[in-house]
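This report concerns the pairing of charged side chains in a protein model. The sequence and structure are shown below.

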Amino acid sequence: MIIKCALKWTALLILMALGAWLFVAYWLSTNDCNPNAAAPTNPMKAIRYCEYGSPDVVKLDEVEKPVADDNQVLIKVRAASLNALDAYMIRDAWLNRLIFGLRKPRDTRLGRDAAGVVEAVGKNVTQFKPGDEVFGICRGSLAEYAVTPERALVIKPPNVSFEQAASLPLAGLTALQGLREGKIQPGQKILVNGATGGVGTFAVQIAKSLGAEVTAVCSTRNLDLVRSIGADNVIDYTKEDFTKSDQRYDVIFDNVCNHSFFERRRVLTTKGICVLAGMGGAGVKEGQALGRIAGNLFTARGLSSFTDQKFAQYMTKVSKQDLSMLGDLMQAGKVRPVIERTYKLSEAPEAIRQLDAGHARGKLVITIGEESR
């Protein structure tokens, strides 16, 4: 009895401590959006969000220009592109608050993909110099200037525009590393489910460049688009369910994850691999996204441990080698970014609204400063 009573009191104290910590953490959670702050001494224009909510919380503000530390590169951004992450981050969802800040987002910057010109380098940077044209992963890229580690950038191919280069980094890395996770081989049959978003359009083209026979799943309005980027076969999901066909695939690159474990397993070869690459893009609502994440983590991966067919999940990593490979593929004409529309920096909130609605095909690109070439 004494032991049970002690355990109850211990549990209660732990819950009270956790509650107190959450309360304090919530009210201490803040950011740099202070209306009473002094004006920036070295200002630049940047897109940021000070509160969670709809795309209406995204604003063009004047902020302090960043300075590169010893291991960073400061770039003058010429173009940046949007990813589903940019639309997810601003939503008022409990998971976002746990990750990005309980009461307010800690980091108000948006954007991950960038292409531009090196403005300055830290003293430990050896691979770049001012004037170099570069592209890569750069946090807070929806701005006139941004800083990033040396390892996150590569030289932009000379025959590639800033807009094209800016569309490539995160979506291209996700596609390339996912196909590698699927152990793709020349001659294999590959199905890309969700073939017309940023990641999907790159997955189709990279798979083709590696010698695969590619089947793309998309809606009626996008059939010509996926054919134009090299898909050998297309499936209109509004008319046909690929999991009910007689075709078998060595790799399914699943960028939507809207089918069950058993449905996808049915159309895999005996030792096929289903790569769990995404959950349907920025247009997917929170409930759907959480359901698909749970399905991937607990159902698909768990059950696949008992079969020769595998369901593989991965995290996209920043890789200089992979960025260089993507640049080479683009320079050789084997990968062509699909850019639906370009926007000015001041129009970025409108672009995020378009992305959040789930209507974007390929990439939405933001041009900044001088006209890109």
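## Salt bridges across the chain

In this predicted model, a salt bridge joins the side chains of lysine 189 and glutamate 213, with an N to O distance of 3.2 Å. Lysine 189 belongs to strand 8 (residues 189-193) and glutamate 213 to strand 9 (residues 213-218), and the pair thereby links distant parts of the chain, 24 residues apart. Lysine 189 has a relative accessibility of 27% and therefore counts as partly exposed. Glutamate 213, at 31% relative accessibility, is likewise classed as partly exposed.

The structure contains 18 salt bridges. Among them is the contact between arginine 91 and aspartate 356, whose side chains meet at 2.9 Å, N to O. Because arginine 91 lies in the loop between helix 2 (84-89) and helix 3 (94-100), while aspartate 356 lies in helix 11 (residues 348-356), this pair ties together parts that are 265 residues apart in sequence. Both arginine 91 and aspartate 356 are buried.

A further salt bridge connects aspartate 107 with arginine 139, their closest N and O atoms being 2.7 Å apart. Aspartate 107 is in the loop between helix 3 and strand 4 (113-121) and arginine 139 in the loop between strand 5 (133-137) and strand 6 (145-149), so parts 32 residues apart in sequence are tied together. Arginine 139 is partly exposed, at 34% relative accessibility. Asp107 and Arg139 also join Arg109 in a network of salt bridges.

The N to O distances are listed here.

| Salt bridge | Distance |
|---|---|
| Lysine 189 and glutamate 213 | 3.2 Å |
| Arginine 91 and aspartate 356 | 2.9 Å |
| Aspartate 107 and arginine 139 | 2.7 Å |

Methods
Residues are numbered from 1 along each chain as its sequence is written. This is a predicted model: local features need pLDDT of at least 70, side-chain atom pairs count only at pLDDT 80 or more; totals for chains, interfaces and linings use all residues. Side-chain values use heavy atoms; hydrogens and water are left out. A salt bridge is a side-chain nitrogen of Lys or Arg within 4 Å of a carboxyl oxygen of Asp or Glu. Helices (H or I, at least four residues) and strands (E, at least two) are DSSP runs, numbered from the N terminus. Buried means under 20% relative accessible area, exposed over 50%, partly exposed in between (1.4 Å probe, protein chains only).
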